[in-house]
Every structure is written in structure tokens, then in C-alpha cells.
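Q: Could you show me how to read the surroundings of a ligand? I would like to go through it step by step.

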Amino acid sequence: MIKISPSMLAADFANLEQEITAVQLAGADMLHIDVMDGHFVPNITFGPDVVKSLRSKTDLLFDVHLMIKYPLQYIGAFAKAGADIITIHYEAADDVRETIGQIHALGKKAGLSVKPGTPVEEIYGFLPMLDMALIMTVEPGFGGQSFMRDMLPKISSLKQKILDGSLHMDIEVDGGIDRNTAKEVIGAGANVLVSGSALFKQKDYKKAIEELRATSASAAL
Ligand code: DX5
Ligand code: ZN
């Protein structure tokens, strides 16, 4: 089953409540919330207080992507704010195991992400602890960038590793996902699609999500 996680980074920030309601009615499975600190990535977005305010507006799963240094310091705040899945970056934490442990201790699902330049094999040792792995298909920091096709082999080797280990976890892909690239990442083994600009630039979110699902379903066959 393919899950669609619209990236709020591409939403209208002056109307977040309406945007969330609209993607929920359009059939989104969860909401991708990009947290950036201006250090791990050269951009700044929102913190736990914004997540907390949004929490009262929807019951959609909050898929929180932390592009921040020292994530361990902030797990408690994001968990308390209402995150359901908390994904940290492998490159941002010295204490990956401890941070994942903390996410689970707070009753949340844990994800681990790799930037385009990081070989996926580097996170294989953590797979048994994870609920999700996130393969970045753009350099993290900004929406609207072009999909990096050379990341596809990372998705397929991760998928194979998961199958070989009889593990149960999601493979999320983030960056430049549209109707066409969705087909490619699903074909390679991903099952959670983040879509920002390709989705929000369309007037009809329902149609956009349906189209993503339809192409994904054909690729999964
Ligand atoms: C990039 C973010 C993405 C971004 C994706 O650093 O992690 O979630 O919003 O946006 P699009 O779909 O426009 O590439
Ligand atoms: Zn993201």
C-alpha cells in the first residue's frame, strides 16, 4: 500500500490550517513536516510550537523530518508537540542509536534519513531498530529541486536488504517526487512518497493525489 505524505514546505504558510484540511480531504495519508535549523541545512522553517498548533487542527499522522543538528536535544519537544513519526538524519547525530531509542521511549515511530552523498549501507546496522528509512532524492534544504535519478539504486538495495532481513519497515522518498518520478521510486521499492511542489502547485489536490496513487499502483504491479 502506497502512502502519500504532502510536504507542508510547499503549502501556503499564511493559511496552514486550510491547506492541511484541503490535503486531508484530498486523501493524504500523513503530513510531512520539514524542520530545518539553518545549520544542518542552509534554511530555517518551523519548530515544535508550530507543530503543536497544527496538531489541534487535524488527526492526520505527523511525519516530522528533522533536518537539524543535535536532534537528541529536540526529540522530547517534537514528541510532546504531537509528532507521530520522527525522522532524524544519520549525518546530523553522533548518537543515532540513543536518539532512535529516545523516539521509541516516547512512544513514537522512528525514521532515519540519508542525504544524497551518504551511501545507504551506512545505515544498515540500524535497520532492525527503525520504522522507516528516508532516502533523500534532492539535497535537503529546499523544495522544488530536481529529482536525483542516481538515488534509485540506493532504494533498490535498501529494499533488498529489508527483504533479506525479513524486516517490516517503510521506505520513504523525499525530493522532486511527481507523477513520473513516483513511478520510478515505487518500482525501486519505496512505499511512502513525500510530495511538495508538484502537489501544491496544482489547483486540485485530490486529483493530484489520485494521479500519484494511480501511477504508483501501476508501478507496484
Ligand atoms: C527538502 C525537504 C522536502 C521538500 C520536498 O529538504 O525535505 O520534504 O519539501 O519538496 P519537493 O517535493 O518540492 O521536492
Ligand atoms: Zn522532507
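Q: Which strands each supply at least two residues of the shell around ligand 1?

A: Strands (E, at least two residues) are DSSP runs, numbered from the N terminus. Here β2 (30–36), β3 (61–67) and β8 (192–195) each do so, and β2 gives the largest share, three residues. Please note that this is a predicted model, where local features need pLDDT of at least 70, side-chain atom pairs count only at pLDDT 80 or more, and totals for chains, interfaces and linings use all residues. Residues are numbered from 1 along each chain as written, chains are lettered from A and ligands numbered from 1 in the order written, and side-chain values use heavy atoms, without hydrogens and water.

Q: Which residues come nearest to ligand 1?

A: A residue is near a molecule if one of its heavy atoms lies within 4 Å of it. Of the 20 residues around ligand 1, the nearest are Ser7, Gly141, Asp174, Gly176 and Ser197.

Q: Where are the polar contacts of ligand 1?

A: Look for pairs of N or O atoms within 3.5 Å. An oxygen atom of ligand 1 is 2.7 Å from a backbone N or O atom of glycine 141. For glycine 176, a backbone N or O atom is 2.8 Å from a ligand oxygen, and for histidine 65 a side-chain N or O atom is 3.2 Å from one.

Q: How much of ligand 1 does the protein bury?

A: Accessible areas come from the Shrake-Rupley method with a 1.4 Å probe. Alone, ligand 1 exposes 380 Å², and the protein buries 99% of that.

Q: How many residues of each class does the shell have?

A: Ala, Val, Leu, Ile, Met, Phe, Trp, Tyr, Cys and Pro count as nonpolar, Asp, Glu, Lys and Arg as charged, and the others as polar. The shell around ligand 1 has seven nonpolar, 11 polar and two charged residues.

Terms used. Polar contact = N/O pair within 3.5 Å; in protein donor to acceptor, adjacent residues only side chain to side chain. Helix = DSSP H or I, 4+ residues; strand = E, 2+ residues; numbered from the N terminus.
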